[in-house]
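Work through the following exercises with the sequence and the coordinates open side by side. Each task is followed by a solution that goes step by step.

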Amino acid sequence: MRRVEMDVALLDEVLGAWQAQWPDVAVMALLPEREVVRLPVLQGICRRRGISLFGGVFP
């Protein structure tokens with residue numbers, strides 16, 4: 001498990017490295033409600049890379 005800041009370039013870099021090492025990688029993201037506006041960034045990167053994304057939003 002690793003906490004990654006919601007920065008587009010950093011997320012893309014980390015997910016790319018994970019995908020290179022583990023081609024069937026999936027991401028479980030747990031976001032606090034105050035950061036839910038950033039969820040589309042993560043969704044977009046995962047969609048573009050073909051990475052499954054699941055998780056939840058908590059108060």
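**Exercise 1.** Leaving aside neighbours within four places in sequence, determine which residues glutamate 35 is in contact with, and decide whether glutamate 35 is buried or exposed.

*Solution.* Bear in mind from the outset that this is a predicted model. Once the neighbours within four places in sequence are set aside, glutamate 35 is in contact with Arg3 and Met6. Glutamate 35 itself lies in the loop that runs between S1 and H2. Its relative accessible area is 19%, and since buried means under 20%, glutamate 35 counts as buried.

**Exercise 2.** Find the residues of the largest nonpolar core that touch the most other members, and state which elements each supply at least two residues of this core.

*Solution.* The largest nonpolar core has 13 residues, and those touching the most other members are Met6, Leu11, Leu15, Val27, Leu42, Cys46 and Ile51. Helix H1 (8-21), strand S1 (26-32) and helix H2 (39-49) each contribute at least two residues to this core. Taking leucine 42 as an example, and not counting residues up to four places away in sequence, one finds that it touches Met6, Leu11, Leu15, Ala29 and Leu53.

**Exercise 3.** Describe how H1 and H2 cross, and list the residues that make the contact.

*Solution.* Two packed helices are described by the angle between their axes together with the distance between those axes. Here the axes of H1 and H2 come within 10 Å and cross at roughly 35 degrees, and the crossing in which H1 passes H2 is right-handed. On the H1 side the contact is made by Val8, Leu11, Asp12, Leu15, Gly16 and Gln19, while H2 provides Val41, Leu42, Ile45, Cys46, Arg48 and Arg49. Sorted by class, this contact has 7 nonpolar, 2 polar and 3 charged residues.

**Exercise 4.** Compare the reach of H1 with its expected span, and identify its buried residues.

*Solution.* H1 has 14 residues and reaches 20 Å from its first C-alpha to its last, which is close to the 20 Å expected at 1.5 Å a residue. Its buried residues are Leu11, Val14, Leu15, Gly16 and Gln19, and what covers them includes S1 and H2.

**Exercise 5.** Locate valine 25, and establish why it counts as buried.

*Solution.* Valine 25 is placed in the loop between H1 and S1. It counts as buried because its relative accessibility is 15%. Leaving aside neighbours within four places in sequence, valine 25 is in contact with Trp18, Gln19, Ile51 and Ser52. The C-alpha atoms of valine 25 and valine 14, which are 11 residues apart along the chain, are separated by 12 Å.

Note on methods: Residues numbered from 1 in each chain as written. Predicted model: local features only at pLDDT ≥ 70, side-chain atom pairs only at ≥ 80, totals over all residues. Heavy atoms only, no water. Core = buried A, V, L, I, M, F, W, Y, C linked by side-chain atoms within 4.5 Å. Buried < 20%, exposed > 50% of the residue type's maximum accessible area, 1.4 Å probe, protein only. Helix = DSSP H or I, 4+ residues; strand = E, 2+ residues; numbered from the N terminus. Contact = heavy atoms within 4.5 Å. Axes fitted to C-alpha atoms, helices over the stretch in contact; angles between N-to-C directions. Left-handed = near helix turned anticlockwise from the far one by under 90°. Nonpolar A, V, L, I, M, F, W, Y, C, P; charged D, E, K, R; others polar. Expected span 1.5 Å × (residues − 1).
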